[in-house]
Amino acid sequence: MSSKRITWKSCILILGCYKIKCPLEESEKHVLKEGGSFQRLSMSDATSTSSSTQAINVEDLSISLAGSKLYTFTLEELREATHNFSWSNMLGEGGFGPVYKGFFDDKLRQGLEAQTVAVKRLDLDGLQGHREWLAEIMFLGQLRHPHLVKLIGYCNEDEHRLLVYEYMTRGCLENQLFRRYSAAMPWSTRMKIALGAAKGLAFLHGADKPIIYRDFKASNILLDSDFTAKLSDFGLAKEGPKGEETHVTTRIMGTHGYAAPEYMMTGHLTTKSDVYSYGVVLLELLTGKRVVEKSESNRGRSLVEWARPMLRDQSKLNRIIDRRLEGQFPMKGAMKVALLAYKCLSHHPHPRPAMSDVVKILEPLQDFEDAFVGPFVFVAENENGIKENSRGRTLNIHPFKFILTLGHFARNDSLI
């Protein structure tokens, strides 16, 4: 059967009225997997305005969207699910607009499994618009992977544009990694997140029509209850170069600090641009520091420029590793991750590894058998002048004794 292309106008019309009511058949699920035989509808198809193109019919659209059982919701249904977009249900806000927590059951939408959802509503006064809303549907409506957030449906009423996703219990990596007054994220959890995010990017880059994510950052990595990482927010995603093309030229967009230097300078976009952004997030996981500090004292300091020269030197690793880990990490494994981050953060795109290679490097580090660096124990005097460690144990320490800890000398304020 000859392939057909879809026009921008017909795509808007169909997405506004088309609703899938039947459950997804098992045979249809297979086309969601990598290597499926279906032809993925591209954004260039959706945005084509050529008069020579033919509008795709409803049946073809359902196949193009991989039989993905996307629901079309009414604005009233989403109001009810979110308690009229209540402020108390607001989960956060990004470039697209605010995100609300909601709940659906059989009474609200028959046939839809009762579940908590996340509803993203377009800010009509914001920088993004219909194109970004459509990009989310075109990409997430056709792609399924354990490390991509699941799109459940959408709403298109008048000027309103909304998207409905699975609810991710632990929110985004940014909030989990950098939140104050809480226990530090364990090393094993950081590595699990790093691997999951890498698998998501590798899947996008390895598709028949490669996809450049373009906005990889800590706030776009969502975490479920067991810290499984899933990529979200595909509004800025682009299809990779075609044929003999080496790059895609596009407007410079994304987030300061995460974007690759060659992309910021030229607007040339490749999959290696995503690899650089991944390296930035990997560095944040290593150091526990934001790539762009929000505090006044550190404003303007570049985390990449500060840390990258030390990533290849094991003797300097303890200077950059997150102190909140208190030495609870495998030194050999941490060094391998540091070297990987160094390669991903190369100033030139060619030396950066492919994301498939990043996955291969990280997989063996998930159960890395290596002695942890000793725990850091804070020592202080109690009200009676008796020295105690952080576990409340009395210590007999000579006031001038030096203690070796984490590869550095310290006076009697720390103890292995």
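Mentor: A cavity is a set of points, on a 1 Å grid over the protein atoms alone, where a 1.4 Å probe fits but cannot get out, and its lining residues have an atom within 4 Å of a point. The model to which we apply this is predicted: local features need pLDDT of at least 70, side-chain atom pairs count only at pLDDT 80 or more, and totals for chains, interfaces and linings use all residues. Residues are numbered from 1 along each chain as its sequence is written, and side-chain values use heavy atoms, with hydrogens and water left out.

Trainee: Which residues line the second largest cavity, and what is its volume?

Mentor: The volume, taken as the space filled by probe spheres set on grid points joined across faces, edges and corners, is about 30 Å³. The lining residues are L173, I193, A194, A197, F216, I221, Y278, V281, L282 and L285. Helix 10 (residues 271–287) provides four of them, the largest share.

Trainee: What makes residues of that lining nonpolar, polar or charged?

Mentor: Ala, Val, Leu, Ile, Met, Phe, Trp, Tyr, Cys and Pro count as nonpolar, Asp, Glu, Lys and Arg as charged, and the others, Gly among them, as polar. Set against this, the lining divides into ten nonpolar, no polar and no charged residues. The largest cavity, of about 60 Å³, has five nonpolar, two polar and three charged residues in its lining, which includes R214, D215 and D274.

Trainee: What makes a set of residues a nonpolar core?

Mentor: Its members must be buried Ala, Val, Leu, Ile, Met, Phe, Trp, Tyr or Cys residues joined through side-chain atoms within 4.5 Å. The largest such set has 88 residues, and L173, I221 and Y278 are among those with the most contacts inside it. Helix 8 (residues 187–205) gives the most to this core, with eleven residues. Beyond neighbours within four places in sequence, L173 is in contact (heavy atoms within 4.5 Å) with residues including I193, I221, V281 and L285.

Trainee: Why is strand 6 described as largely enclosed by the rest of the structure?

Mentor: Buried means under 20% relative accessible area with a 1.4 Å probe, protein chains only. Seven of the seven residues of strand 6 (residues 160–166) are buried, so the strand is largely enclosed.

Trainee: How do you know that strand 5 and strand 6 pair?

Mentor: Two strands (DSSP E runs of at least two residues) pair if DSSP finds at least two bridges between them. Strand 5 (residues 151–157) has six bridges to strand 6 and runs antiparallel to it, so the criterion is met. One of the bridge partners in strand 6 is V164, opposite G153. Strand 4 (residues 115–121) also runs antiparallel to strand 6, with five bridges.

How values were computed: Buried means under 20% relative accessible area, exposed over 50%, partly exposed in between (1.4 Å probe, protein chains only). Helices (H or I, at least four residues) and strands (E, at least two) are DSSP runs, numbered from the N terminus. On a 1 Å grid over the protein atoms alone, a cavity is a set of points where a 1.4 Å probe fits but cannot get out, and a pocket is an open set with protein on both sides within 12 Å along at least five of seven lines; lining residues have an atom within 4 Å of a point.
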